[in-house]
Amino acid sequence: MKLDVLLGLQWGDEGKGKIVDVLTPKYDIVARFQGGPNAGHTIEFDNNKFILHTIPSGIFDAEKTNLIGNGVIIDPYIINKEINNLKEKNIDATRNLLISKRAHLILPTHRLLDATYEKAKGELKIGSTLKGIGPTYSDKTGRDGLRVGDLFFEDFRAKYDHLKEKHLQIIRFYNFDFSDHEIDGLLFDEYEKAWMEAAESLKKIRVVDSEYFINDAIQEDKPILAEGAQGTMLDIDFGSYPFVTSSNTITSGVCSGLGVAPRNVGKVIGIFKAYCTRVGSGPFPTELDNDDGQQLRDGGKEYGSTTGRPRRCGWLDLPALKYAIMINGVDELIMMKADVLSAFKSLKVATHYLVDGEQTEKVPMYARKNCIPVYKSLKGWNSPLDGVSSYDRLPTELKQYVRYIQGEVGVPIRIVSTGPDRTQTIFVDEN
Ligand code: GDP
Ligand code: IMO
Ligand code: MG
């Protein structure tokens, strides 16, 4: 059986966590394949709200295995905190969680380096979540990194100290004074101590050769869902570089991030908001720096799940959506947060860009100020969606919005989400 993929088509925060949780009953295994605790995936059900950073969003179903693949990077301190938070709500994440031996570790000094580089960039900063993502992936490709499997060897501490020293030299070079710098509310020495304790706890979780685990499961015909983090426009190769994250957030990332051959990848499910948001710096052609943007932010509670920062908001960007569908080979779409557009009498959708005065449907290498969206206006539904539980009961204008988008992009929309809760999920039966 082939593995299905669910990933974000915009700049992250599309609602991946909610939908992975909704789809989990269909699968035996849910696997993260890239990114790290820069992710914040929100799941709401039975009046509970959870935000996961490293743990896959299938964790709430005790029957399902949740795998953190080799392509993910792990901060022991953060994952430990996630496990403890779940424990407080009587969920034992360790019962059904597996971690790849080959997943790289985010060291405390990777987090210092992130802060160092961001400070050095000044106005050109990425707006990183400061979770140490860039520096950890740099050490991975630079062949200096430490992996979860290294924790079990006697020379771990020596290797740790060696890498830490390299990082401290770089930090000294940049004159970054971290004596008062807090990492998750702790000074460096305290954080490092807590990190070491958490690394010991991590060894008690089942650490596996995940590439064998996942390929055995494929052979045994077990249904598997790969859960993306971030979004296509934050992909290291195809996103708005350099304002991106440091991993391949796209379908191809599944192969390298889990050790799955391309021929074993099945359905690709792409998820997008009915509008756009972005957190951090970088180009965002349809951004609305006005009352409409504020309406989207207020209505959608658009504040980062990981950092709490206000998200930048704007209209749906069809050229970017088409680009993401092309890069990922998307088979099915899920449209999130339709309820947030209920506030508007009329909606806009960018159909093209004007780049240096020329009309194009293509995403340029640099979508700077010279990339101006060309909009089409559509009638809004302007009525609340509360209590609507079937597709045929949705307002006509919303169904027209759905049909218009799928007509433009040529891929069916299978689910429309109308609120953060598990139950606020409408399956589109006309597709
Ligand atoms: P992820 O990173 O892709 O998992 O998304 P986040 O969890 O960071 O951000 C999505 C936010 O929107 C979360 O606060 C969700 O609870 C919320 N959300 C998800 N779906 C809907 C929806 O259909 N409507 C509304 N209003 N909120 C939603
Ligand atoms: P989920 O999985 C939204 C953004 C950051 C920054 C850039 C680089 O919740 O969708 P990094 O920490 O990787 O160095 O940050 O990417 N970013 C995200 N934005 N959702 C995310 O994850 C993100 N992860 C990183 O804001 O602009
Ligand atoms: Mg998020």
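1. Just past helix H5, Asn-175 takes a positive phi of about 55°. Helices here are DSSP runs of H or I with at least four residues, strands are runs of E with at least two, and both are numbered from the N terminus. Before you look around, note that this is a predicted model, where local features need pLDDT of at least 70, side-chain atom pairs count only at pLDDT 80 or more, and totals for chains, interfaces and linings use all residues. Residues are numbered from 1 along each chain as its sequence is written, chains are lettered from A and ligands numbered from 1 in the order in which they are written, and side-chain values use heavy atoms, with hydrogens and water left out.

2. Now H5 itself, residues 156–173. With 18 residues at 1.5 Å a residue, H5 should span 26 Å, and its end C-alpha atoms are 26 Å apart, which agrees. (The expected span is 1.5 Å times one less than the number of residues.)

3. Which residues of H5 are buried? They are Phe-156, Tyr-160, Leu-163, Lys-164, His-167, Leu-168 and Ile-171. Buried means under 20% relative accessible area, exposed means over 50%, and partly exposed is in between, with a 1.4 Å probe and protein chains only. The buried residues cover an arc of only 150° around the axis, so they sit on the same side of H5; the arc is taken from the directions from the helix axis to the C-beta atoms. An α-helix has 3.6 residues a turn, so residues three or four places apart point the same way.

4. On the other side of H5, Ala-158, His-162, Arg-172 and Phe-173 are exposed. The buried residues of H5 pack against strand S8 (104–105), helix H3 (108–121), helix H4 (133–141) and H6. Contact means heavy atoms within 4.5 Å.

5. Leu-202 is worth a click. This residue is in helix H6 and is buried, with a relative accessible area of 3%. Leaving aside neighbours within four places in sequence, Leu-202 is in contact with Ile-74, Pro-76, Ile-79, Ile-99, Leu-105, Val-148, Leu-151 and Val-207. The C-alpha atoms of Leu-202 and Asp-75 are separated by 9.8 Å, with their positions 127 residues apart along the chain.

6. Then Ile-73, found in strand S6 (residues 73–74). Its relative accessible area is 0%, so Ile-73 is buried. Beyond neighbours within four places in sequence, the contacts of Ile-73 include Gly-35, Pro-37, Thr-54, His-104, Ile-133 and Tyr-137. Ile-73 and Lys-345 are 272 residues apart in sequence and 44 Å apart in space, C-alpha to C-alpha.

7. On to the rings. Rings of Phe, Tyr and Trp (its six-membered ring) pair if their centres lie within 6.5 Å; planes under 30 degrees apart count as stacked, over 60 as edge-to-face and the rest as tilted. By this rule the count comes to 12 aromatic pairs. Why is the pair of Phe-45 and Phe-60 edge-to-face? The ring centres of Phe-45 and Phe-60 are 5.3 Å apart and the planes are at 75°, so the pair is edge-to-face. The two are 15 residues apart, with Phe-45 in strand S3 (residues 41–45) and Phe-60 in the loop between strand S4 (48–52) and strand S5 (65–68). Phe-45 is buried at 11% relative accessible area, and Phe-60 is buried at 14%.

8. Another aromatic pair, Tyr-77 with Tyr-191, is tilted: 4.7 Å centre to centre, with 55° between the planes. This pair links distant parts of the chain, Tyr-77 in helix H2 (residues 76–88) and Tyr-191 in helix H6 (residues 188–202), 114 residues apart. Both Tyr-77 and Tyr-191 are buried.

9. Ring pairs also link Phe-45, Phe-50 and Phe-60 into a cluster. Lys-89 lies over the face of Phe-50, at 5.0 Å from the ring centre. The rule for a charge over a ring is NZ of Lys or CZ of Arg within 6 Å of the ring centre and within 35 degrees of the ring normal.

10. What are the protein donors of the magnesium ion (ligand 3)? They are Asp-13 (OD) and Gly-40 (O), lying 2.0 to 2.2 Å from the ion. Donors are N, O and S atoms within 2.8 Å of the metal (3.2 Å for Na, K and Ca), and water is not among the atoms, so sites may look incomplete. Asp-13 is partly exposed at 22%, whereas Gly-40 is buried at 10%.
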